[in-house]
Amino acid sequence: RSVDTAAGPVLDIGAGTGISTQVVADTLPDARIVAVEPSPAMRAGLDARIRENPTLRERVVVCPTPLEEATLPVRVSAVVATAVLHHFDADGRRRLLGLLAEHLAPGAPAFVEVQEPPEPCSVPRTRYHTAAAGEFVHEGWMRAEPESSTTMRWTMTYRTLRGTELLDERHTAFTMHPVPPGQLAAEAGDVGLAARQLAHGLMELRRPT
């Protein structure tokens, strides 16, 4: 079903560097967009993307605060949340779903990415990204271990090489709260949202009309 952009702006939760914001703008050329991104580093990329695109400058409002502190429109025509759900624990997910139920216009959808794995497990060190830039090669590596019965600890490593010479290596770690799609559907139902799986890793949560 189409998104009725006349019902309000599209809310992009965890907009990051603006990749999802750009997709929304391209897919819904009449939509206004509210992009929520609390990370200064990510928001720098988002701001740069908006500055370079006159259409985005006219249509996108950036909220630099966490979602729960953001001043949201009374009604939104759709919500997009990519690579963000796993940052919320069970209580945080309930608050998030409550906000969706409160602000979605009747019949409006939320498209939520449900990242793998659905339950805590070990993930061996894996290179997930490599890109050449002139004489340099940039690599991204990831690994994870269960931290508790409901959480995982991910470690990300970013490397820059020139040939076989390692020039720079940096690490960051974060806790992930995996949730199986069935559990998310049940939690959404508790606040009156109808859930269905659109594709592997993608759920639609819709407010009834």
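In this predicted model, the buried residues of helix H1 pack against strands E1, E2, E3 and E4, and against helix H2 and helix H3 (54-59) as well. The residues of H1 that count as buried are Ser20, Thr21, Gln22, Val24 and Ala25. Helix H1 itself spans residues 19-27 and lies across E1, strand E2 (33-36), E3 and E4, with its direction at about 170° to that of E2. Helix H2 (residues 40-51) also packs on the sheet, where it touches E2 and E3, and its direction makes about 165° with that of E3.

The sheet beneath these helices is a good place to continue. It is an open sheet of 7 strands, arranged in the order E3-E2-E1-E4-E5-E11-E10, and its pairing is mixed. Strand E3 (60-63) and strand E10 (194-199) stand at the edges; each has a single partner strand, so one side of each is left without a neighbour in the sheet. On average, neighbouring strands of this sheet are turned by 20° against each other, direction ignored. Within the sheet, strand E1 (residues 10-13) and strand E4 (residues 78-81) run parallel and are joined by 4 bridges. Ile13 of this pair stands opposite Ala81 in E4.

Beyond E4, the backbone offers a detail worth a look. Ala83 lies in the loop between E4 and helix H4 (90-103), and its phi is near 55°, a positive value in a residue other than glycine. Most residues other than glycine have a negative phi, and most peptide bonds are trans. Ala83 is partly exposed, because its relative accessible area of 38% falls between the 20% limit for buried residues and the 50% limit for exposed ones. A second backbone detail concerns the peptide bond from Glu116 to Pro117, which is cis, with omega near -5°. Pro117 is found in the loop between strand E5 (109-113) and strand E6 (123-133).

The domain assignment of the protein chain places residues 10-116 together with 179-207 in domain 1, and residues 123-176 in domain 2. The centres of the two domains, taken over C-alpha atoms, are separated by 26 Å.

Attention now turns to the second sheet. Here 4 strands form an open sheet in the order E6-E7-E8-E9, and the pairing is antiparallel. E6 and E9 are the edge strands, each pairing on one side only. From one strand to the next, the twist averages 15°.

The strands of this sheet can be followed hairpin by hairpin. E6 and E7 run antiparallel and are joined by 8 bridges. They form a hairpin with 2 residues between them, and Gly134 in the turn has a positive phi of about 65°. Thr126 stands opposite Met142 in E7, and Met142 in turn stands opposite Met156 in E8. E7 and E8 pair in the antiparallel sense over 10 bridges, and their hairpin has 5 residues between the strands. Ser148 has its place in the loop between strand E7 (136-146) and E8. With a relative accessibility of 34%, Ser148 counts as partly exposed. Ser148 and Ala31 are 117 residues apart in sequence and, C-alpha to C-alpha, 41 Å apart in space.

The last hairpin joins strand E8 (residues 152-162) to strand E9 (residues 165-176); these strands run antiparallel and share 11 bridges. The hairpin has 2 residues between its strands, and Gly163 in the turn shows a positive phi of about 65°. Among the bridge partners in E9 are Ala173, which is matched with Thr155, and Met176, which is matched with Met152.

Finally, the aromatic residues were examined. A search of the whole structure finds 0 aromatic pairs. A contact between a charge and a ring is present, however: the charged end of Arg125 sits over the ring of Trp141, 4.1 Å from its centre.

Key
Residues numbered from 1 in each chain as written. Predicted model: local features only at pLDDT ≥ 70, side-chain atom pairs only at ≥ 80, totals over all residues. Heavy atoms only, no water. Pairing = 2+ DSSP bridges. Axes fitted to C-alpha atoms, helices over the stretch in contact; angles between N-to-C directions. Contact = heavy atoms within 4.5 Å. Phe/Tyr/Trp six-rings, centres within 6.5 Å; stacked < 30°, edge-to-face > 60°. Lys NZ or Arg CZ within 6 Å of the ring centre and 35° of its normal. Domains from an automatic or database assignment. Buried < 20%, exposed > 50% of the residue type's maximum accessible area, 1.4 Å probe, protein only.
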